[in-house]
Amino acid sequence: MSEFIPYGKQYITEADIEAVTAVLRSDWLTQGPVIQQFETALASKCHAKHGIAVTNATAGLHLACIAAGLGQGDRLWTVPNTFVASANAGLYCGATVDFVDIDPTTFCMDVDKLAEKLELADKNGTLPKIIIPVHFAGHSCNMQRIGALAKQYGITVIEDAAHAVGGHYKNQPVGCGQYSDMTVFSFHPVKIITTAEGGMVLTNNDALADKLQRLRTHGITRDEHLMTEPSHGAWYYQQIELGYNTRMTELQAALGHSQLQRLDDIIDKRNALAEQYHTLLKDLPITCPTVLDDVRSAYHLYVIQTDNRKQVYDYLKDNKIGCQIHYIPVHLQPYYQNLGFKKGDYPVAEAYYERCLSLPLFPQLTAEQQQRVVATLSQALTTAPV
Ligand SMILES: *Cc1c(COP(=O)(O)O)cnc(C)c1O
């Protein structure tokens, strides 16, 4: 029997293991020097001024929303074709969440629909405070247009780049913040680089960076300028707002920092594997992903579209090929249906969901494994009942 091929998988080297064990032998398991090394290295790699590491991207999105001042009575817009965390961040803050449908080529936020919806919201006095575009599968959204619209209406943009660390848009790294206020990365094991659980918020804004740093550690400050009275001594701190404990550990930061050294190789490998899929799949009756000219995808996912998706999925699973579905539209989750959303609200995301299938894609995927995925997919397409 052939081995199981997962759809995604972490890529851990001996150097990673050494970096983590070095931390275990050091004096600091948390709040030490490595976290800052990781933050500085990733921010610099992405041409951003500040990086704030957190426990996961979900916490990063939440803190980014608080830092942007999101609260009760405010609105946050994102896309239905994403993981639930992008939308939940708004609900955590007591805001109302709404969606903009995706475009059928990149499966990212449809900027024409965004422009229309903003125009209407402006007339009705219901503009959102925050927009969260999602760089689906590692493909950057049309940030230039989103940034221009956000500027026009005075809206904060938080990029959900959970899929896209190492990706590029208009020859700039995702995270550079040219068209947004903050960018959030995820380091979950299936993502591009991992810290087991982990995330980072990048920003070029000093005030937002300060606020994010406080929010991840209880809302506490040691900065005398922010205190209500003179410091009592070197031990003194004040809690000046309500924060959380969403700090990353030194072990995780060491793993992330070590993984970061291979980011370019990882992205090259993912792009090469995607190219190979394009070639191997070109005669099959499926739709392969499209990458726009001004984008270099991080290729977190290789998503094909096919009729008979359920049969194809089951056939692949039965033959030990791990595929996945990204995503069940968020507005169709029962929790969101209870908030008033219903089937038919976002037809492009819903139609896409019926046909999408993510094939195995990770740096260590071998040519033989890839050929087996394609051969099995080809059999699935010829044997699946219509
Ligand atoms: C994985 C993911 C998240 C959440 O990341 P965590 O680090 O697991 O919290 C958010 N948004 C998108 C699009 C994701 O894929």
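A residue counts as buried when its relative accessible area is under 20%. In this predicted model, His135 has a relative accessible area of 0%, so the residue is buried. As for where that puts His135 along the chain, the residue belongs to the loop that runs between strand S4 (130-131) and helix H6 (143-153).

His135 has plenty to touch in there. Beyond its neighbours within four places in sequence, the contacts of His135 are Cys108, Ser140, Cys141, Met143, Glu159, Asp160, Ala161, His163, Ala164 and Val174. With one of these, Glu159, there is also a polar contact: the side chains of His135 and Glu159 are joined at 2.7 Å.

Two residues on that contact list, Asp160 and His163, lead on to the ligand. There are 15 residues around the ligand, and Asp160 and His163 are among those that come nearest, along with Thr58, Ser186 and Lys191. For His163, a polar side-chain atom sits 2.8 Å from a ligand oxygen atom. Ser186 does much the same job on paper, with a side-chain N or O atom 2.8 Å from an oxygen atom of the ligand. Tyr327 also has a side-chain N or O atom by a ligand oxygen, here at 3.0 Å.

Taken on its own, the ligand has 380 Å² of accessible area, and the protein covers 93% of it. The ligand takes up the space of the second largest pocket. Helix H3 (57-67) and helix H4 (85-92) are the elements that each supply two or more residues to the shell around the ligand.

Note on methods:
Residues numbered from 1 in each chain as written. Predicted model: local features only at pLDDT ≥ 70, side-chain atom pairs only at ≥ 80, totals over all residues. Heavy atoms only, no water. Helix = DSSP H or I, 4+ residues; strand = E, 2+ residues; numbered from the N terminus. Buried < 20%, exposed > 50% of the residue type's maximum accessible area, 1.4 Å probe, protein only. Polar contact = N/O pair within 3.5 Å; in protein donor to acceptor, adjacent residues only side chain to side chain. Contact = heavy atoms within 4.5 Å. Near = heavy atom within 4 Å. Areas by Shrake-Rupley, 256 points an atom, 1.4 Å probe, with all protein chains shown as cover. 1 Å grid on protein atoms, 1.4 Å probe; cavity = no way out; pocket = protein on both sides within 12 Å on 5 of 7 lines; lining within 4 Å. Sits in = over half its atoms within 2 Å of the grid points.
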